[in-house]
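Hi,

Here is the structure I said I would pass on. Have a look at it first, and my notes follow underneath.

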Amino acid sequence: MNLGTVTTIKRPASADDVSLWRDGYAWLAGGTWLFSQPQPATDTLIDLEGLRWPALQVSPDGLDIAATCRIVELDRFVAPAEWIAAPLLRTCCRSLLASFKIWNAATVGGNICMSLPAGSMISLTAALEGVYTLWPRGEPPRQVSAVDFITGNNRNVLRPGELLRSIHLPARALAKRFAFRRTSLTHLGRSSALLIGTRSAKAEDLLITVTAATVRPIALPFPPIPSAADLRAAIDAAIPESAYLDDVHGSPAYRRHLTYYYAEQIRGELAGRGEGA
């Protein structure tokens, strides 16, 4: 879609070149949302393409993903063999409702910053204990966990002009076993519930993250693997009815049922009793 109110496109060589922020500015990465509908309040786009951030960087500490990394680049990433949770990268990339055009243009950071409950890059980074690096205007960088970044449906902690720079996935999380459950009302539809569980190879820990069903990511950590009753009680304590999303893709009651059902399947699978319980 043409944006008739946009009169200026800035292409800074560094994010620091944009020292002052005003109403009417918008960061541009993939642009899949910006160009999907009119933006009457926007008159200036600030193109991040020229910053040339490396899309993916592997280190002993884990994986660093630039906010400008395209979904297709993450989907094609070949991880070190010891990162047994790495298949989650592709699985979550392919959990997006996206056309071929969007698939090749959309960015990881754009999906996260939209902060929609069904954003599968949010699901991925929350499940793998991601930490986001944010660049405010005129202030030092700050770090926020993936779980704490989202505050509600289409809401997050970004301040005006603040930029998501990168996402760090720690190697210890990438080396965990995982279980993935997702459902949507149609074959290629938006997720109604997306749950991921992870467990360390040599420990009795369990982390279950609930996304899509809820307005923000919910992380349920268990030092020992819980009983079925304890798991259900933990879900009830962490997720009040008001936290379940209510839209055309599912009622709160439906999404609560899916959360119970999939969380118990994940518990059973990662406890070593096969798929489901």
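Before the sheets, one convention: two strands count as paired if DSSP finds at least two bridges between them. Also keep in mind that this is a predicted model.

With that in hand, there is an open sheet of 5 strands in the order β4-β5-β10-β6-β7, and the pairing is antiparallel. The edges are taken by β4 (56-59) and β7 (142-145); each has a single partner strand, so one side of each is left without a neighbour in the sheet. On average, and ignoring direction, neighbouring strands here are turned by 25 degrees against each other. If you want a spot to zoom in on, try β6 (residues 131-135), which pairs with β7 in the antiparallel sense over 4 bridges. Y132 has V144 in β7 as its bridge partner.

The other sheet I looked at is also open, with 4 strands ordered β11-β12-β13-β14 and antiparallel pairing. Here β11 (177-184) and β14 (218-222) are the edge strands, each with a single partner strand, so one side of each has no neighbour in the sheet. Its neighbouring strands are turned by 10 degrees against each other on average, direction ignored. Strands β12 (residues 191-199) and β13 (residues 206-211) run antiparallel and are joined by 5 bridges, and G197 stands opposite I208 in β13. Helix α8 (residues 228-238) lies across β13 and β14, running at about 145 degrees to β14.

Now the cores. The largest nonpolar core has 43 residues, and those with the most contacts inside it are L74, V108, I112, M121 and L128. Helix α5 (residues 120-127) gives the most to this core, with 5 residues. Apart from it lies another core, of 23 residues, with L195, I208, I218 and L258 among them. So what does I112 touch, leaving out residues up to four places away in sequence? The list is M121, I122, T125, Y132, F149, I150, L164 and I167. You will recognise Y132 there as the bridge partner of V144.

Last, empty space. A search of the whole structure turns up 1 cavity of 30 Å³ or more. The largest cavity holds about 40 Å³ of space. Its lining consists of L116, P117, I122, I150, T211, T214, V215, R216 and P217. Two of these names, I122 and I150, also appear among the residues that I112 touches.

Over to you!

Technical notes
Residues are numbered from 1 along each chain as its sequence is written. This is a predicted model: local features need pLDDT of at least 70, side-chain atom pairs count only at pLDDT 80 or more; totals for chains, interfaces and linings use all residues. Side-chain values use heavy atoms; hydrogens and water are left out. A nonpolar core is a set of buried Ala, Val, Leu, Ile, Met, Phe, Trp, Tyr and Cys residues joined through side-chain atoms within 4.5 Å. Buried means under 20% relative accessible area, exposed over 50%, partly exposed in between (1.4 Å probe, protein chains only). Helices (H or I, at least four residues) and strands (E, at least two) are DSSP runs, numbered from the N terminus. Contact means heavy atoms within 4.5 Å. Axes are lines fitted to C-alpha atoms, for helices over the stretch in contact, and angles run from 0 to 180 degrees between N-to-C directions. On a 1 Å grid over the protein atoms alone, a cavity is a set of points where a 1.4 Å probe fits but cannot get out, and a pocket is an open set with protein on both sides within 12 Å along at least five of seven lines; lining residues have an atom within 4 Å of a point. Grid points are joined across faces, edges and corners, and a volume is the space filled by probe spheres set on the points.
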